[in-house]
Amino acid sequence: MIEAVGLTKRFGAKTAVDQLSFQVRPGHVTGFLGPNGSGKSTTMRMILGLDRPTSGHVTINGMPFRDLPNAQRNVGALLDAKAVHGGRRARTHLLSIAQLSGIPEKRVDEVLGVVGLQDVARQRAKGFSLGMGQRLGIATALLGDPKVLLFDEPVNGLDPEGILWVRNLMKQLAAEGRTVFVSSHLMSEMALTADHLIVIGRGRLLADMGTQEFITRNSAGFARVRAAGTGPDGRNTLGTALTKAGGRVLQEPDGALRVTGLELPVISDVAHEAGVRLWELSPHRASLEEAYMRMTQSSVEYTSSEDPRAELWEPEPLTVPEWEDGPAAPEVPRTGFFAPPPPGAGGAPFLMPSDPGKLASAAGNTSPNQPEESR
Amino acid sequence: MSSFPAVLNSEWTKIRTVASTTWTLVAALVVTVGISAGLCTLFNSTFTEMPKEQQLTFDPTLASFVGMSLGQLAMIIFGVLVVGTEYSTGMIRTSLAAVPRRGELFLGKLTVATVLALVVGLATSFLSFFLGQAILGEHSTGIDEPGVLRAVFGAGLYMALIALFSMGVAAMLRSSVLAICILIPFFLLISNILNGVSATRKVAQYLPDQAGSRIMQVVPGAMDSGETPYGPWGGLGIMVLWVLASVLGGYLVLKKRDA
């Protein structure tokens with residue numbers, strides 16, 4: 001159990017962590033999310049007593065880290081994969097850390113096996129890739145078989161196999177009843193690994209909730225509907241009907257409609273009753289990544305400044321159609337100007353057809369709006 | 001409980017598993033013994049050409065340690081690297097995340113490194129002395145002459161103290177590069193220049209290396225070293241004060257600052 005109360009850290013005039021209070025409970029993988037420079041690492045360092053909080057305090061199992069007896073047996077941490085003397089061999093590096101707490105040498109070989117570094121145990125750490133460095137760091141964290149584990153960006157530099165391994169390791173550690181606190185700037189990774197999320201931006205707490213709850217709350221879904229034909233008639237008729245049925249309708253630049261608040265079957269029924277044929281009716285879910293981006297947008301520390309190509313991009317935002325009186329609906333992130341691929345493609349932008357002839361005929365059809373008709 | 005012996009054990013593993021330890025310590029020994037032997041050969045062959053005054057105050061013990069002025073630079077680098085690489089590699093955070101008691105860690109590191117430096121320092125001084133005396137032949141002295149054993153033992157102590165002083169400085173500066181850039185020019189040039197100029201000598205004789213190296217002299221005032229207001233042990237005492245100040249400074253920096 002990690003408990004932070006009013007944790008604040010200032011470096012000069014800059015506030016890195018601002019009144020952060022949260023609890024990390026045992027038996028769960030708790031994801032610690034935030035953009036670069038949002039104060040994740042500083043918070044981790046304060047938990048480990050490396051940095052002194054300007055105000056507030058943080059305890060591990062009720063005690064400040066510096067007062068923990070036999071700290072390594074209670075808390076294991078991976079802070080920086082490169083925090084290794086490059087001239088030392090992997091095994092002796094681990095051994096020197098293990099000896100600090102009187103951990104037997106046998107355990108060193110054990111953790112080397114756990115992280116899969118047994119074959120390079122006698123190589124110098126400077127020859128290690130970032131991924132191997134992460135594994136060595138994880139091994140260091142596991143040495144004392146601790147009840148509380150902290151990992152700062154553990155999947156950085158790992159290959160897909162390594163990422164999957166870390167994911168399973170975290171889950172397994174949590175299932176053993178340990179407290180697992182993992183930081184990341186990748187929402188997609190955390191959505192798969194963590195069952196609880198703590199999101200911060202500019203050092204402030206933005207969210208502290210279960211991952212499932214976070215997803216439900218933050219991923220706004222919508223349906224894209226495209227009336228047959230290119231004229232505005234069908235579109236207007238459909239739009240009016242959908243609005244009447246209680247939906248919220250926005251128009252995309254290419255004429256498709258973005259509908260929220262109505263289930264897909266209802267939209268189909270409404271269109272049928274209004275006598276409008278549909279060329280497209282597809283479900284869309286704003287990804288968790290987008291929800292996270294939206295949440296942290298205002299609090300991103302280092303945003304790229306003006307993009308000189310910005311004017312080349314679609315200047316026209318989603319417009320409120322003429323049948324809509326109210327102000328524009330809250331912006332729903334747009335993935336592209338075109339309709340997505342047919343539902344069968346599972347969201348993939350392009351699906352290789354099974355026989356070559358199909359591809360040739362599809363290539364001749366330049367309108368991506370009518371994928372069904374090209375078959 | 002992470003006890004002090006455990007920290008010593010860990011620091012011993014750390015120090016013996018990096019190449020820089022071997023290289024710097026071997027360099028300290030080889031450079032000191034080699035240069036001393038070379039200069040002793042020179043002293044021996046040109047003894048009769050020396051001015052009468054120098055012949056009378058010739059100190060064979062000190063002569064066999066002249067290489068130490070360069071050999072100590074390797075010791076300084078050893079001391080700096082032992083502490084400095086913890087910072088430059090980020091290892092200090094890994095170490096402190098395992099042992100939160102910083103004083104214990106610092107003390108353990110300094111103890112292991114200083115004992116090692118002392119062992120190498122004593123080996124260097126005894127080797128340098130006996131080789132030097134063998135070369136000096138008729139001008140040589142024996143280990144049983146008054147003050148000689150003190151000087152040889154003191155030379156080994158001096159090596160260990162200069163390494164410890166460098167560790168303290170590196171801990172205060174938290175950087176190997178910075179510490180080496182300050183310490184090497186200081187001990188190679190500045191200290192000697194200040195001590196060579198009579199105007200600044202009154203102050204410069206209290207610098208750590210100038211005061212500490214007095215212990216290696218058997219004949220007072222030998223080799224133009226001039227009179228000092230302190231004796232051999234007094235000089236070493238002054239050096240110890242410098243070392244204590246540097247270690248205390250390093251400890252306070254480690255204790256107070258964020259790692």
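**Notebook: salt bridges and helices**

I began with A:D109, which counts as partly exposed because its relative accessibility is 39%; in these notes buried means under 20% relative accessible area, exposed over 50% and partly exposed in between, with a 1.4 Å probe and protein chains only. The model is predicted, so I note that local features need pLDDT of at least 70 and side-chain atom pairs pLDDT 80 or more, while totals for chains, interfaces and linings use all residues. Residues are numbered from 1 along each chain as its sequence is written, chains are lettered from A and ligands numbered from 1 in the order in which they are written, and side-chain values use heavy atoms, leaving out hydrogens and water.

**Entry: the partner of A:D109**

I looked up which side chain meets A:D109 in a salt bridge. The partner is A:R91, with 2.8 Å from N to O (a salt bridge is a side-chain nitrogen of Lys or Arg within 4 Å of a carboxyl oxygen of Asp or Glu). This pair links distant parts of the chain, since A:R91 belongs to helix α3 (residues 90-100) of chain A and A:D109 to helix α4 of chain A, 18 residues apart; helices (H or I, at least four residues) and strands (E, at least two) are DSSP runs numbered from the N terminus. I then checked the cover on A:R91 and wrote it down as buried, because its relative accessibility is 11%.

**Entry: helices that pack in chain A**

How do the two helices α3(A) and α4(A) pack? I found an angle of about 130 degrees between them, with their axes 9 Å apart; axes are lines fitted to C-alpha atoms, for helices over the stretch in contact, and angles run from 0 to 180 degrees between N-to-C directions. I therefore recorded α3(A) and α4(A) as oblique to each other (under 35 degrees is roughly parallel, over 145 roughly antiparallel, 65 to 115 roughly perpendicular and the rest oblique). I also looked at helix α4 (residues 105-115) of chain A against helix α5 (residues 130-142) of chain A, and here the angle is about 135 degrees, with the axes 9 Å apart. That angle makes α4(A) oblique to α5(A).

**Entry: further salt bridges**

How many salt bridges does the structure hold over all chains? The total I noted is 22, and I followed two further pairs in chain A.

A:E161 forms a salt bridge with A:R135, and their closest N and O atoms are 3.5 Å apart. Distant parts of the chain are again linked, with A:E161 in helix α6 (residues 160-175) of chain A and A:R135 in helix α5 of chain A, 26 residues apart. I marked A:R135 as buried at a relative accessible area of 13%, whereas A:E161 is exposed at 52%.

A:D254 pairs with A:R226 in a salt bridge whose closest N and O atoms are 3.2 Å apart. A:D254 lies in the loop between β11 (248-251) and β12 (257-260) of chain A, and A:R226 in strand β10 (residues 221-227) of chain A, so the bridge ties together parts that are 28 residues apart in sequence. When I checked their cover, A:D254 was partly exposed at a relative accessible area of 29%, while A:R226 counted as buried at 5% relative accessibility. Turning to chain B, I saw that B:E11, B:K14, B:E86 and B:K109 are joined into one network by salt bridges that share partners.

**Entry: chain B**

I looked up the make-up of chain B and found twelve helices and zero strands, and 53% of its 259 residues are buried. Helix α6 (residues 91-98) of chain B is mostly covered, as seven of its eight residues are buried; I checked several of these, including B:M91, B:I92, B:T94 and B:L96.

Is B:M239 buried or exposed? I entered B:M239 as buried, because its relative accessibility is 0%, and its place is in helix α12 (residues 232-256) of chain B. Its C-alpha atom is separated by 8.6 Å from that of B:I162, although the two residues are 77 residues apart along the chain.

My last look was at B:L188, whose place is in helix α9 of chain B and which counts as partly exposed because its relative accessibility is 34%.
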